[in-house]
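Welcome! Take a moment to look over the sequence and the 3D view, and then we can walk through them together.

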Amino acid sequence: MFWFPQRRVDKGVFDVVGRFLRTVERIGTGYESSAEYRLLRNFVKRRVQELNPDANDLDSFQFAIIREAGYESEPVEEIFVSRKEDLRDEQVAARPD
């Protein structure tokens, strides 16, 4: 048996994206309050802060969900583009009891 812990993150993101896209399809507007959107937003925010040494100079970020066929001859399909999110906002939304 082989275990690749770094692949767990990829699998987790893939699963959350799938659930998020189903949520958007089901509810339409208001997806920003969904757990899936918050997970994606917080994951991207943390990655921007970790990978960008100048992250303190940035005010906001956006992320996109795209589909790529894996061939240069096939165009990339843009599925979702987030709104601008505040990079400096450190408030954590309170969980309902």
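What follows is a short tour, from the overall layout to the core and then to the charged pairs.

**The overall layout**

Please keep in mind that this is a predicted model. The protein chain has two helices and four strands, and along the sequence they follow the pattern α-α-β-β-β-β. Of the chain's 97 residues, 20% count as buried. Among the contacts with a separation of 6 or more, 46% are between residues 24 or more positions apart. The accessible surface of the protein chain is about 8300 Å², and carbon and sulfur atoms make up 51% of that surface.

**The core and its rings**

A good place to begin inside is the largest nonpolar core, which has 11 residues: V16, V17, F20, Y31, Y37, L40, F61, F63, I65, F80 and L87. Two elements, α1 and α2, give two or more residues to this core. Helix α1 supplies the largest share, three residues.

Aromatic rings are worth a closer look here. The structure holds eight aromatic pairs. One of them joins Y31 and F80 edge-to-face, with 5.4 Å from centre to centre and 85° between the planes. This pair links distant parts of the chain, 49 residues apart: Y31 sits in the loop between α1 (5-27) and α2 (35-51), while F80 belongs to strand β3 (residues 77-81). Are these two residues buried or exposed? Y31 has a relative accessible area of 16%, so it counts as buried, being under 20%. F80 is buried too, with a relative accessible area of 9%.

F80 has another ring partner. Y37 and F80 also form an edge-to-face pair, at 6.4 Å centre to centre and with 80° between the planes. Because Y37 lies in helix α2 and F80 in strand β3, the pair ties together parts that are 43 residues apart in sequence. Both Y37 and F80 are buried.

Ring pairs link F20, Y31, Y37, F63 and F80 into a cluster. Which residues does F20 touch, not counting those up to four places away in sequence? F20 touches Y31, S34, E36, Y37, L40, I65 and F80.

S82 meets some of these rings as well. This serine lies in the loop between β3 and β4 (85-86) and is buried, with a relative accessible area of 3%. Leaving aside neighbours within four places in sequence, S82 is in contact with Y37, Q62 and F63.

**Charged pairs**

Side chains of opposite charge can pair when their charged atoms come close. The count for this structure comes to six salt bridges, including those in the table.

| Salt bridge | N to O distance |
|---|---|
| D15 and K11 | 2.8 Å |
| E36 and R19 | 3.3 Å |
| E85 and R83 | 2.8 Å |

E36 and R19 link distant parts of the chain, with E36 in helix α2 and R19 in helix α1, 17 residues apart. E36 is buried, at a relative accessible area of 12%, and it is one of the residues that F20 touches.

D15 and K11 both lie in helix α1, four residues apart, or about one turn of the helix. D15 is partly exposed at 34% relative accessibility, and K11 is partly exposed with a relative accessible area of 45%.

In the remaining table entry, E85 counts as buried at 8% relative accessibility, whereas R83 is partly exposed, with a relative accessible area of 40%.

Terms used:
Residues are numbered from 1 along each chain as its sequence is written. This is a predicted model: local features need pLDDT of at least 70, side-chain atom pairs count only at pLDDT 80 or more; totals for chains, interfaces and linings use all residues. Side-chain values use heavy atoms; hydrogens and water are left out. Rings of Phe, Tyr and Trp (its six-membered ring) pair if their centres lie within 6.5 Å; planes under 30 degrees apart count as stacked, over 60 as edge-to-face and the rest as tilted. Buried means under 20% relative accessible area, exposed over 50%, partly exposed in between (1.4 Å probe, protein chains only). A nonpolar core is a set of buried Ala, Val, Leu, Ile, Met, Phe, Trp, Tyr and Cys residues joined through side-chain atoms within 4.5 Å. Contact means heavy atoms within 4.5 Å. Accessible areas come from the Shrake-Rupley method with a 1.4 Å probe; for residues, only the protein chains shown count as cover. A salt bridge is a side-chain nitrogen of Lys or Arg within 4 Å of a carboxyl oxygen of Asp or Glu.
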